[in-house]
Amino acid sequence: MFRYLRKVDLKPWLEAEATPEWLGEEAIPADPVCSFRTRKNTMSVFTLDDDARNVGRIAAALTVSCGQVREFEYIILDSTDVDSAAIVTRQTEGDTADAEVNGLHRDLEQISAQKLVTLTTLVLNKNLHEVCDRILAKDVAVQILKGVSDGSLTNVSPKIIQKAEQLVGRAAQRS
Amino acid sequence: MTSAVTTCTSEESMLPDFDYSGTDLNTWTVVWGEASGLLDDEVPSKTWQRKSRRAHEEPLSRRIWETYTRLLRVPPKELVVKRFWETYTRPLMVPSHGVGDVIAADSAYVFSYESLCSDTGETDITEQSDDRVAVEETRQVLRDLASSDLEDEGDERFEESVQSLIVLYGGRAVCEIDYLIRDEQIPPDAIRFVLRVLGDIDHPKTHGYRQWLLQRVLLYSSSAIIRDGANVGLALLDDPEALPVLRKAIEKETSPLVMKFLDKTIRQLEETEASVSLPAQGRP
């Protein structure tokens, strides 16, 4: 079994912890489904290693690509759930600033609305605090600076580096 | 440790600003007490009247400080100021107390004097334009924010707008944001966004006020996503002085996800505390 990382905004998942009264017994809220934000019926994910040690590196690579240093929020998908939802997985090269991270990229393809609802339902049936996670902005910043320093992150803009340094040095500067 | 509790006496005190200059606060009382939260009968309460909005231009915290030291002659580093809005009655935010009620120490916010008014010797009011402009501009930015689609996380334009408000108007912008949040005039999504931005600014003059606001929301908001926004803001602020409030928040948190994220923030701030104190310990 593989585990995939999908970058999401966790707000709908936080809200999903408290089931609204209007929701039927077996229904799921729409917002977590929409948070997966497919494009061309495809969703980008990254393969995690056994103990998810590469999460920080993936977060740094994706954050740099987004152009803003901030918290990195994600959901962990089990390959068994992806298979159960009959979603096709294909290895494709990612387009982040980290070549090694690009090699971890997978496309989840041929996603119908029904398949996406199935996948979301499977995730919602788990303990959300085990599958939803966040890397704080300061930790993302540390990872970015490390990546720049060791050369794993390339073409990082000065603005990103400056922001990362600001986040890492904020407390020290204050004291 | 000796402490002071501020209590406000009018409806307008829903708008207090700890640097005082940007508020509609007309009358307020400082009740001196000990860390136990009990009032000290030997030390009289002090009430100040403010005749016009701009009559006093010095920070409230500075006035507390001066009066306090005059009355009790306590060395500065021992002072802790507890803030409390007595007249605010919304149950979701803070419990209601009458003026002069004894407040238990753990129900008030505790800050070191230094964190509240690192700029005690000056006030930035002379650099500011009219209060009304600050209020209107802040409201406009937040109205725009509330009506925008925040689906695309981290809308830089709004981040910059909110940050500019703080830089330009200081405590008065924070005060207005505080008011709009209390009055529930902006939706939770927008509040969450603003709370995050409040933590991600390097602006020493409003540091204490922003931290206080984030801590209050974290402790008293009924919305998990708003509490989470405050938590993110505090992580960005990266000030270990928030640790007691974060520890208290995690104890009362009901959302397992928010609890998990609070724990992450606590661990970050503990590391920050350790790293900041190490060089100091190494000094001869």
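A residue counts as buried here if 20 or more other C-beta atoms lie within 10 Å of its own. With that in hand, welcome to a set of close-ups of a predicted model.

**View 1. Leu262(B) sits in helix H10 of chain B.** Because 24 C-beta neighbours fall inside 10 Å, Leu262(B) counts as buried. Which residues does Leu262(B) touch, leaving aside those up to four places away in sequence? The list reads Asn231(B), Leu246(B), Ala249(B), Ile250(B) and Glu253(B). For a distance to check on your own screen, try Arg227(B): its C-alpha lies 9.6 Å from the C-alpha of Leu262(B), although 35 residues separate the two in sequence.

**View 2. Chain B meets chain A through a contact with 23 residues from chain B and 21 residues from chain A.** On the side of chain B that touches chain A, helix H8 (224-237) and helix H10 (256-282) of chain B each supply at least two residues. Helix H10(B), already met in the first view as the home of Leu262(B), gives the largest share of that side, ten residues. By residue class, the side of chain B that touches chain A holds ten nonpolar, five polar and eight charged residues.

**View 3. The largest nonpolar core has 89 residues.** Which residues have the most contacts inside this core? They are Ile58(A), Val140(A) and Ile144(A), together with Val194(B) and Leu214(B). Helix H8(B) brings the largest share of the core, nine residues. Zooming in on Val194(B), we find that it touches Leu142(B), Leu145(B), Val162(B) and Ile177(B), again not counting residues up to four places away in sequence.

**View 4. Six strands of chain A form an open sheet with antiparallel pairing.** To follow the sheet across, read the strands in the order E4-E5-E2-E1-E3-E6. Why do strand E4 (88-91) and strand E6 (132-135) of chain A each have one side without a neighbour in the sheet? Both stand at the edges and have a single partner strand each, so one side of each is left free of a neighbour in the sheet. Neighbouring strands in this sheet are turned against each other by 35 degrees on average, with direction ignored.

**View 5. Strands E1 (residues 3-7) and E2 (residues 43-47) of chain A run antiparallel and are joined by two bridges.** If you would like one pair to look for, pick Tyr4(A): its bridge partner in E2(A) is Thr47(A).

**View 6. Chain A, taken as a whole, has nine helices and six strands.** Its C-alpha trace spans about 50 × 35 × 30 Å along the principal axes. How does the radius of gyration of chain A compare with that of a compact globule? For 175 residues, such a globule would have a value near 16 Å, so the 17 Å of chain A agrees. Buried residues account for 39% of the 175 residues in chain A. Among the contacts in chain A between residues at least 6 apart in sequence, 76% join residues at least 24 apart.

**View 7. Chain B, shown for reference beside the earlier close-ups, has ten helices and five strands.** Of its 284 residues, 43% are buried, and Leu262(B) from the first view counts as buried too. As for contacts in chain B with a separation of 6 or more, 73% of them involve residues 24 or more positions apart.

Notes. Residues are numbered from 1 along each chain as its sequence is written. Chains are lettered from A and ligands numbered from 1 in the order in which they are written. This is a predicted model: local features need pLDDT of at least 70, side-chain atom pairs count only at pLDDT 80 or more; totals for chains, interfaces and linings use all residues. Two residues are in contact if their C-beta atoms, placed from the backbone, lie within 7 Å. Helices (H or I, at least four residues) and strands (E, at least two) are DSSP runs, numbered from the N terminus. Ala, Val, Leu, Ile, Met, Phe, Trp, Tyr, Cys and Pro count as nonpolar, Asp, Glu, Lys and Arg as charged, and the others, Gly among them, as polar. Two strands pair if DSSP finds at least two bridges between them. Axes are lines fitted to C-alpha atoms, for helices over the stretch in contact, and angles run from 0 to 180 degrees between N-to-C directions. The radius of gyration is taken over C-alpha atoms; the globule rule is 2.2 Å times the number of residues to the power 0.38. A residue is buried if 20 or more other C-beta atoms lie within 10 Å of its own, exposed if 12 or fewer, and partly exposed in between; C-beta atoms are placed from the backbone. A nonpolar core is a set of buried Ala, Val, Leu, Ile, Met, Phe, Trp, Tyr and Cys residues joined through C-beta atoms within 7 Å.
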